[in-house]
Amino acid sequence: MSNPVQTDSLPFQISEGEAFSVLNYFHVMAESPDGQRVAYTRFPKGPHEGLSGGAEVVVCDRAGTNHRKIGEASDIIQHRGVVPTWVDDEHLVYSTSGDGSGPLNVVSIDSGRERTLDGGLDNYSPELRRS
């Protein structure tokens with residue numbers, strides 16, 4: 001079991017610069033199973049009402065450094081983000097639509113290889129890593 005992110009002050013801002021970000025639905029942090037990485041949704045154009053028109057999927061290390069954009073999605077609802085979910089320590093699945101009913105993208109964090117699956121978040125299964 002990993003130790004939680006430690007900071008000297010709260011709140012801890014995970015995104016770089018002035019970009020607005022959402023950790024996950026209900027603000028639950030999408031932490032990799034080994035506790036070494038965190039995934040979040042970044043909205044480059046800042047806070048907004050309704051659908052964003054564009055969001056980025058970003059992974060960083062647990063200290064909040066080494067940010068890397070691994071994907072994009074459009075029409076994402078701000079308070080929900082892309083709902084990034086770790087399949088294992090090397091694969092992340094995220095929603096490409098605002099309500100979670102559209103296609104899912106599964107990405108290999110290290111290689112950047114990505115594939116799209118029809119369906120929505122209700123179709124999520126640990127079996128996604130197999131293919």
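**Strand pairing and nonpolar cores in a predicted all-strand model**

Val 107 stands opposite Glu 114, a residue of strand 9, where strands are DSSP runs of E with at least two residues, helices are runs of H or I with at least four residues, and both are numbered from the N terminus. The structure is a predicted model, in which local features need pLDDT of at least 70 and side-chain atom pairs count only at pLDDT 80 or more, whereas totals for chains, interfaces and linings use all residues. Residues are numbered from 1 along each chain as its sequence is written, and side-chain values use heavy atoms, with hydrogens and water left out.

The secondary structure of the chain consists of nine strands and zero helices, and the pattern along the sequence is accordingly written β-β-β-β-β-β-β-β-β. Of the 131 residues, 44% count as buried, where buried means under 20% relative accessible area, exposed means over 50%, and partly exposed lies in between, with a 1.4 Å probe and protein chains only. The accessible surface of the chain comes to about 7400 Å², and carbon and sulfur atoms hold 48% of this area; accessible areas come from the Shrake-Rupley method with a 1.4 Å probe, and for residues only the protein chains shown count as cover. Among the contacts in the chain with a separation of 6 or more, 40% are made by residues 24 or more positions apart, a contact being defined by heavy atoms within 4.5 Å.

Strands 6, 7, 8 and 9 form an open sheet of four strands with the order 6-7-8-9 and antiparallel pairing, where two strands pair if DSSP finds at least two bridges between them. Strand 6 (85-86) and strand 9 (114-117) stand at the edges of this sheet, and because each has a single partner strand, one side of each is left without a neighbour in the sheet. Strand 8 (residues 104-108) runs antiparallel to strand 9 and is joined to strand 9 by four bridges.

Strand 4 is likewise paired with strands on the chain, and its residues are mostly covered, since seven of its seven residues are buried. In a regular strand the side chains alternate between the two faces of the sheet. In strand 4, Ala 55, Val 57, Val 59 and Asp 61 point one way and Glu 56, Val 58 and Cys 60 the other way, and all are buried. Six bridges pair strand 3 with strand 4 in the antiparallel sense, and Tyr 40 stands opposite Val 58 of strand 4. Strand 4 is also joined to strand 5 by five bridges, again in an antiparallel arrangement, with Arg 68 in strand 5 as the bridge partner of Val 59. These two strands, 4 and 5, form a hairpin with six residues between them, and Gly 64 in the turn has a positive phi of about 85°.Two residues of strand 3 illustrate polar contacts, each of which is a pair of N or O atoms within 3.5 Å; within protein, one atom must be able to donate a hydrogen and the other to accept it, and residues adjacent in sequence count only if both atoms are side-chain atoms. Thr 41, in strand 3, is buried with a relative accessible area of 0%, and its side chain reaches the backbone nitrogen of Val 82 at 2.9 Å. Arg 42 also lies in strand 3 and counts as buried at 14% relative accessibility, while a polar contact of 2.7 Å joins its side chain to that of Glu 56.

In soluble globular proteins, nonpolar side chains tend to be buried together. The largest nonpolar core has 15 residues, of which Val 59, Ile 70, Trp 86, Leu 92 and Ile 109 touch the most other members; a nonpolar core is a set of buried Ala, Val, Leu, Ile, Met, Phe, Trp, Tyr and Cys residues joined through side-chain atoms within 4.5 Å. Two or more residues of this core come from each of strand 3 (37-43), strand 4 (55-61), strand 5 (68-73) and strand 7 (91-95), and strand 4 gives the most, with three residues. A second, separate core has five residues, among them Val 87, Val 93, Leu 104 and Leu 117.

Not counting residues up to four places away in sequence, Ile 70 touches Val 57, Val 59, Leu 92, Val 107, Ile 109 and Glu 114. Val 57, in strand 4, is buried with a relative accessible area of 0%, and, with neighbours within four places left aside, its contacts include Tyr 40, Ile 70, Val 82, Leu 92 and Tyr 94. Val 57 and Leu 92 are 35 residues apart in sequence, and their C-alpha atoms are 9.9 Å apart in space.
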